[in-house]
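Biologist: Could you walk me through this model, one step at a time? I would like to learn how its strands fit together.

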Amino acid sequence: MNIGLVTLYVHDLQKSKDFYVNTLGLTIDESQTGPVFVMLRSTNGWAIALEDVKILPPGQAKPAGSLEIGFEVADVDALYKQWEAQGIKMVSEPIDKPFGRSFLAKDPEGHYLTMYRLAA
């Protein structure tokens with residue numbers, strides 16, 4: 001079994017779409033995108049979907065921030081400085097961990113994003 005898709009329920013679909021396209025460089029798959037759902041794809045094939053939280057039954061929406069997505073990047077420190085300058089919500093500064101170097105940030109809805117580089 002393989003993970004095929006991660007769906008993030010969001011309150012502001014446009015703001016989240018802009019973040020994932022303009023900040024992370026994902027592309028919109030127009031053939032699978034509609035008024036309340038946006039399919040985003042990476043250059044290496046994985047996908048993230050954004051879906052308007054209003055489609056959930058009443059009382060089913062959970063607060064954002066209970067999910068973490070990890071993205072492997074070439075230069076953790078340079079990306080941290082770039083995002084900090086852009087005003088993206090940073091949770092932790094870059095640190096070395098047993099697996100490599102990473103920092104934690106949040107997307108516009110509060111979902112956690114771990115940006116990491118694996119140790120050589």
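Biologist: How many bridges join strand β6 to β7?

Modeller: Keep in mind that this is a predicted model. Strand β6 covers residues 95–97, and β6 and β7 run antiparallel. A hairpin of two residues links them. The number of bridges joining β6 to β7 is three.

Biologist: Which residue in β7 is the bridge partner of Ile95?

Modeller: Ile95 lies in β6, whose residues are 95–97. Its bridge partner in β7 is Ser102.

Biologist: And where does β7 lead? Which residue of β8 is the bridge partner of Ala105?

Modeller: β7 is also joined to strand β8 (residues 112–118), antiparallel, by seven bridges. Their hairpin has five residues between the strands, and there Gly110 takes a positive phi near 100°. In β8, the partner of Ala105 is Leu113.

Biologist: Is Asp52 buried or exposed?

Modeller: Let's place it first: Asp52 belongs to strand β4, residues 47–52. Leaving aside residues up to four places away in sequence, Asp52 touches Tyr9, Val10, Leu13 and Val36. Its relative accessible area is 9%, and buried means under 20%, so Asp52 is buried.

Biologist: Which strands are at the edges of the open sheet that contains β4?

Modeller: Good one! Four strands form that sheet, in the order β1-β4-β3-β2, with mixed pairing. An edge strand pairs on one side only, and the edge strands here are β1 (6–10) and β2 (27–28).

Biologist: What angle does the direction of helix α1 make with that of β4?

Modeller: Helix α1, residues 13–23, packs on the sheet and touches β1, β2, β3 and β4. The angle between its direction and that of β4 is about 165°.

Note on methods
Residues numbered from 1 in each chain as written. Predicted model: local features only at pLDDT ≥ 70, side-chain atom pairs only at ≥ 80, totals over all residues. Heavy atoms only, no water. Buried < 20%, exposed > 50% of the residue type's maximum accessible area, 1.4 Å probe, protein only. Contact = heavy atoms within 4.5 Å. Pairing = 2+ DSSP bridges. Axes fitted to C-alpha atoms, helices over the stretch in contact; angles between N-to-C directions.
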